[in-house]
Amino acid sequence: MMYNKFKLDFLLIEQKSIALKGSIGYIPPEYGSGVNISTFGDVYSFGIMLLELFTSRRPTDEIFKDGLNIQQYVKTNLPRHVMDIADPSLLLLYDKHNRHNDNANDLEKKAMLQDDEYILKLNANNMIEGCLVSILKIRLLCSSSSPRDRMPISIALDKIHSINNLFL
């Protein structure tokens with residue numbers, strides 16, 4: 001049996017109160033104040049899960065205390081320190097398969113298509129850095145604390161596919 005850490009179970013307790021069960025850090029903040037479930041809650045969990053995937057940090061890691069959370073951790077390190085927070089295994093995989101294929105002309109085209117000044121300033125040796133910055137920016141928009149500020153999943157997926165096509 002496979003455990004899905006993003007599954008939310010709603011239990012009816014008496015007639016009017018509902019208890020929420022799920023994994024701490026992946027449940028959208030608004031669910032704690034009784035807001036109805038929505039696709040924006042799913043987008044939040046998606047964003048958190050992807051931040052975890054790209055940083056190898058869980059939202060419950062011990063470094064996240066005194067008000068610091070995974071979103072703030074990533075946001076304060078973008079773009080300049082993205083390589084410091086990236087999962088090292090991602091970097092090794094990239095080095096092994098792609099580094100020799102990058103060149104400055106490709107990077108400039110990719111930066112212009114992404115409309116990102118930071119990526120434009122990178123050199124070909126830092127292609128992975130530009131990719132990570134682009135990806136993590138989307139993840140942050142998905143995991144915004146306010147549902148209204150979250151990127152709709154269809155737009156997030158389109159952007160992810162675009163980044164995949166541009167960088168990989």
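How are H7 and H8 oriented relative to each other: roughly parallel or roughly antiparallel? Keep that question in mind as we walk through this predicted model; the tour will come back to it.

**Stop 1: the whole chain**

Start with a cartoon view of everything. You should find eight helices and two strands, and reading along the sequence gives the order β-β-α-α-α-α-α-α-α-α. Of the 168 residues in the protein, 38% are buried. If you switch on a surface, its accessible area comes to about 10,800 Å², with 54% belonging to carbon and sulfur atoms. For a contact map, take residues at least 6 apart in sequence: 50% of their contacts join residues at least 24 apart.

**Stop 2: H7 and H8**

Now select 127–142, which is H7, and 153–167, which is H8. Their axes lie 10 Å apart and the packing angle is about 180°. Since angles over 145 degrees count as roughly antiparallel, H7 and H8 are therefore roughly antiparallel, which settles the opening question.

Show side chains at this contact. From H7, pick Met127, Gly130, Cys131, Ser134, Ile135, Ile138, Arg139 and Cys142; from H8, pick Ala156, Lys159, Ile160, Ile163 and Phe167. Colour them by type and you will get nine nonpolar, two polar and two charged residues.

**Stop 3: the largest nonpolar core**

In soluble globular proteins, nonpolar side chains tend to be buried together. Here, the largest nonpolar core holds 31 residues. Which helices supply at least two residues each? They are H1 (39–55), H2 (70–77), H3 (82–85), H7 and H8, and H7 gives the most, with 10 residues.

To find the best-connected members, select Leu51, Val74, Leu78, Leu132, Leu136 and Ile138, which have the most contacts inside the core. Then centre on Leu51. Leaving out neighbours within four places in sequence, Leu51 touches Ser56, Ile70, Gln71, Val74, Leu136, Arg139, Leu140 and Ser143.

**Stop 4: from H1 across to Cys142**

Stay on helix H1 and select Asp42. Is Asp42 buried or exposed? Its relative accessibility is 51%, so Asp42 counts as exposed. Draw a C-alpha to C-alpha distance from Asp42 to Cys142: the two are 100 residues apart in sequence but 9.2 Å apart in space. You met Cys142 at Stop 2, on the H7 side of the contact with H8.

**Stop 5: the loop between H1 and H2**

Most residues other than glycine have a negative phi, and most peptide bonds are trans. The loop between H1 and H2 contains Ser56 and also Asp66, so open a Ramachandran plot and pick out both. Ser56 has a positive phi near 60°, and Asp66 has one of about 55°. As for accessibility, Ser56 is partly exposed at 45%, while Asp66 is exposed at 79%.

**Stop 6: H2 and the loop after it**

Select Asn77 in helix H2. Asn77 is buried, with a relative accessible area of 16%. Beyond its neighbours within four places in sequence, Asn77 is in contact with Val82 and Ile85.

End at Pro79, in the loop between H2 and H3. What is the peptide bond from Leu78 to Pro79, cis or trans? Check omega in your viewer: it is near -10°, and the bond is cis. Leu78 is also one of the residues with the most contacts inside the largest nonpolar core.

Definitions and conventions: Residues are numbered from 1 along each chain as its sequence is written. This is a predicted model: local features need pLDDT of at least 70, side-chain atom pairs count only at pLDDT 80 or more; totals for chains, interfaces and linings use all residues. Side-chain values use heavy atoms; hydrogens and water are left out. A nonpolar core is a set of buried Ala, Val, Leu, Ile, Met, Phe, Trp, Tyr and Cys residues joined through side-chain atoms within 4.5 Å. Buried means under 20% relative accessible area, exposed over 50%, partly exposed in between (1.4 Å probe, protein chains only). Helices (H or I, at least four residues) and strands (E, at least two) are DSSP runs, numbered from the N terminus. Contact means heavy atoms within 4.5 Å. Axes are lines fitted to C-alpha atoms, for helices over the stretch in contact, and angles run from 0 to 180 degrees between N-to-C directions. Angles under 35 degrees count as roughly parallel, over 145 as roughly antiparallel, 65 to 115 as roughly perpendicular and the rest as oblique. Ala, Val, Leu, Ile, Met, Phe, Trp, Tyr, Cys and Pro count as nonpolar, Asp, Glu, Lys and Arg as charged, and the others, Gly among them, as polar. Accessible areas come from the Shrake-Rupley method with a 1.4 Å probe; for residues, only the protein chains shown count as cover.
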